[in-house]
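Student: I would like to go through this structure and ask how each label is earned.
Tutor: Good. Ask for the reasoning each time.

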Amino acid sequence: MSGTGRRPETCAVVGGGIVGAACAFRLQRAGFGVTLLDPGDPRRAAAYGNIGHIAAEQCAPLASLSSLASFPSRLFAFGGPLDFRLRDVGLWLPWAARFAAASLPRRHAAGVQALTGLLGPALDAWPELADQAELPPGSVRAEGHGAVWFDPARAAKGMAAWETAPRGSVSIRPMSGDELDAYGETLSRAPAGGLRFEGTGQVSDPGGLHQGLLKAFETAGGRVVQASVRDLAASPDGVRVDMEGREPVAADLALVAAGAGSARVLRGLGASAPLIGERGYSIQSLRHGWPGTLPLTVFEEMSVVAAAFDSGLRLSGMVEIGSPYAPPDARKWERLESQAKALGLPMDGPLDRWCGPRPTLPDYLPAIGRLEAAPNVLYAFGHQHLGLTSAAVTAGWIETLARGEAQPEELAAFRVERFG
Ligand SMILES: Cc1cc2nc3c(=O)[nH]c(=O)nc-3n(C[C@H](O)[C@H](O)[C@H](O)COP(=O)(O)OP(=O)(O)OC[C@H]3O[C@@H](n4cnc5c(N)ncnc54)[C@H](O)[C@@H]3O)c2cc1C
């Protein structure tokens, strides 16, 4: 119910990435009149450039003592994927202090429980959403994935680590000799060891899936406005959305799902979300020789993932902590290109380079809920490395909240107010 006691009928969704598009579609389908506000450049969204993995196995938040211990060896300067942009130190230092606090065992264990609740239903929620949106068959495939190592000692260590890692209902088994040899036929050499994961999935094309959802939203009667939202003003009567260079939009409810841009939009409402743009990089080649029989594969020693999509073979990685709006750092694409070469990845064509921000809160849990200070404002952001995986589940929860039904228990861990 709105503050006037009237059932809300309209909703303005701020941000049309994968989370915003999934929520907007579900809300429109549930009978709300939905306006989706987004600047409209699909390549700006992490929805476009992610690696298409329904990563139901990643139930352990990256805020952990083991992540902290591994930082020095993972730094970009020493050949690793992790880079802290020095110029943005004012942004990430307070974030890093909260990250360290969230890494303590008790907080980490609570995070595992919360992420397990979010990721557990992910693989079932996606096909259901894809069906509702009438996306092409095979858009989301529950075909599992692989993780491989080239060094035998690292393979043994990595496989043992996955054995005990929290991974919900996802099962693992060592790859057979034939499965490892199949990599050797495509890459410069066969891995020394590997794991096959079951209970995870892959999408046929991240950008295509995202555009498909947006199209389904419009087909269902949703309205898309190309604009960057500056601010929200909430009152018991509803929400006014102020944009750059456009007349404001009024609605009974607003949902803030603007990925790494969400904290800026919420600031005027007094919500303090220590959100960082944790940027990833990818290279992609339309022409490639990656066989359809090989699954999406994590090359654990290099911290990169390869996946073949309708739009080409993509290699992605890197964790660059800093401003989501900084210019890209070409050294990271060059690193990916040399990793592709070292692997013997069969990328034949000109390479499309992409970089975009994972929206990440310091405890590596998203923020999903209803703003306590302004109950007609809902929010869904901070999905870090798992926004594609968890968009469909998030959209279901947001629909429940918008309908005014009892809040799902799982959401207690995702309140934005946990940051004070
Ligand atoms: C290299 C890489 C690989 C990844 N791989 C995976 C993977 O395999 N599986 C997985 O689950 N996740 C993966 N992720 C993470 C995933 O892509 C993100 O978690 C997800 O895209 C977040 O969704 P979102 O809708 O919150 O943000 P986004 O998809 O980034 O969309 C945010 C949208 O909000 C808009 N916006 C921003 N500010 C405003 C404003 N002021 N007004 C209006 N609109 C605004 C932006 O333009 C954008 O369209 C990966 C990320 C990267 C970078």
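**Labels and their grounds**

Tutor: Start with one residue in this predicted model. Asp363 touches Pro61, Ala63, Ala102, Arg107 and Gly111, leaving out residues up to four places away in sequence.

Student: What makes those residues contacts of Asp363?

Tutor: The cut-off is 7 Å between C-beta atoms placed from the backbone. Pro61, Ala63, Ala102, Arg107 and Gly111 meet it with Asp363.

Student: Why is Asp363 called buried or exposed?

Tutor: Buried takes 20 or more other C-beta atoms within 10 Å. Asp363 has 25, so Asp363 counts as buried. Asp363 sits in the loop between strand 19 and strand 20 (367–370).

Student: How far apart are Asp363 and Phe99, along the chain and in space?

Tutor: They are 264 residues apart along the chain, and their C-alpha atoms are separated by 5.7 Å.

Student: What is notable about phi of Tyr364?

Tutor: Phi is near 60°, a positive value in a residue other than glycine. Most residues other than glycine have a negative phi. Tyr364 is in the loop between strand 19 and strand 20. With 26 other C-beta atoms within 10 Å, Tyr364 is buried.

Student: What about phi of Gln384?

Tutor: Gln384 is not a glycine, yet has a positive phi of about 40°. Gln384 lies in the loop between strand 21 (377–381) and helix 12. Its 22 C-beta neighbours inside 10 Å reach the cut-off of 20, so Gln384 counts as buried.

Student: Why is Ala250 called partly exposed?

Tutor: Exposed means 12 or fewer, buried means 20 or more, and partly exposed is in between. Ala250 has 15 other C-beta atoms within 10 Å, so Ala250 is partly exposed. Ala250 lies in strand 13 (residues 246–251). Beyond its neighbours within four places in sequence, Ala250 is in contact with Gly238 and Arg240.

Student: How far is Ala250 from Ala306?

Tutor: The two are 56 residues apart in sequence and 43 Å apart in space, C-alpha to C-alpha.

Student: How do you know that the buried residues of helix 6 line one face?

Tutor: List them first. In helix 6 (residues 122–132) they are Ala122, Leu123, Ala125, Trp126, Leu129 and Ala130. Seen down the helix axis, the buried residues fall within an arc of 155°, so they line one face of the helix. An α-helix has 3.6 residues a turn, so residues three or four places apart point the same way.

Student: What covers the buried residues of helix 6?

Tutor: The cover includes helix 1, strand 3 (53–54), helix 5 (105–119), strand 5 (140–141), strand 9 (201–203) and helix 12. After helix 6 comes Glu134, with a positive phi near 55°.

Student: How is the protein divided into domains?

Tutor: Domain 1 is 10–47 + 208–273 + 364–419, and domain 2 is 52–115 + 131–202 + 275–360. Their centres, over C-alpha atoms, are 27 Å apart. The contact takes 28 residues from domain 1 and 29 residues from domain 2.

Student: Which helices supply the side of domain 1 that touches domain 2?

Tutor: Helix 1, helix 9 (206–219), helix 10 (262–266) and helix 12 each supply at least two residues. Helix 9 gives the largest share, five residues. By class, that side of domain 1 has 16 nonpolar, nine polar and three charged residues.

Student: What makes a residue part of the shell around the ligand?

Tutor: Its C-beta atom must lie within 6 Å of the ligand. Of the 41 residues around the ligand, Gly17, Gly259, Gly261, Gly280 and Gly387 come nearest. Elements giving two or more residues include helix 1 (18–29), strand 15 (276–285) and helix 12 (387–402). The shell has 18 nonpolar, 20 polar and three charged residues. Domain 1 and domain 2 each give at least three residues to the shell.

Student: Last one. How do you know that the radius of gyration agrees with a compact globule?

Tutor: For 420 residues, a compact globule would have a radius of gyration near 22 Å; the protein has 21 Å, which agrees. Along its principal axes the C-alpha trace spans about 65 × 45 × 40 Å. Of the 420 residues, 50% count as buried.

Note on methods: Residues are numbered from 1 along each chain as its sequence is written. This is a predicted model: local features need pLDDT of at least 70, side-chain atom pairs count only at pLDDT 80 or more; totals for chains, interfaces and linings use all residues. The radius of gyration is taken over C-alpha atoms; the globule rule is 2.2 Å times the number of residues to the power 0.38. Helices (H or I, at least four residues) and strands (E, at least two) are DSSP runs, numbered from the N terminus. Ala, Val, Leu, Ile, Met, Phe, Trp, Tyr, Cys and Pro count as nonpolar, Asp, Glu, Lys and Arg as charged, and the others, Gly among them, as polar. Domain bounds come from an automatic or database domain assignment. Two residues are in contact if their C-beta atoms, placed from the backbone, lie within 7 Å. The arc is that of the directions from the helix axis to the C-beta atoms.
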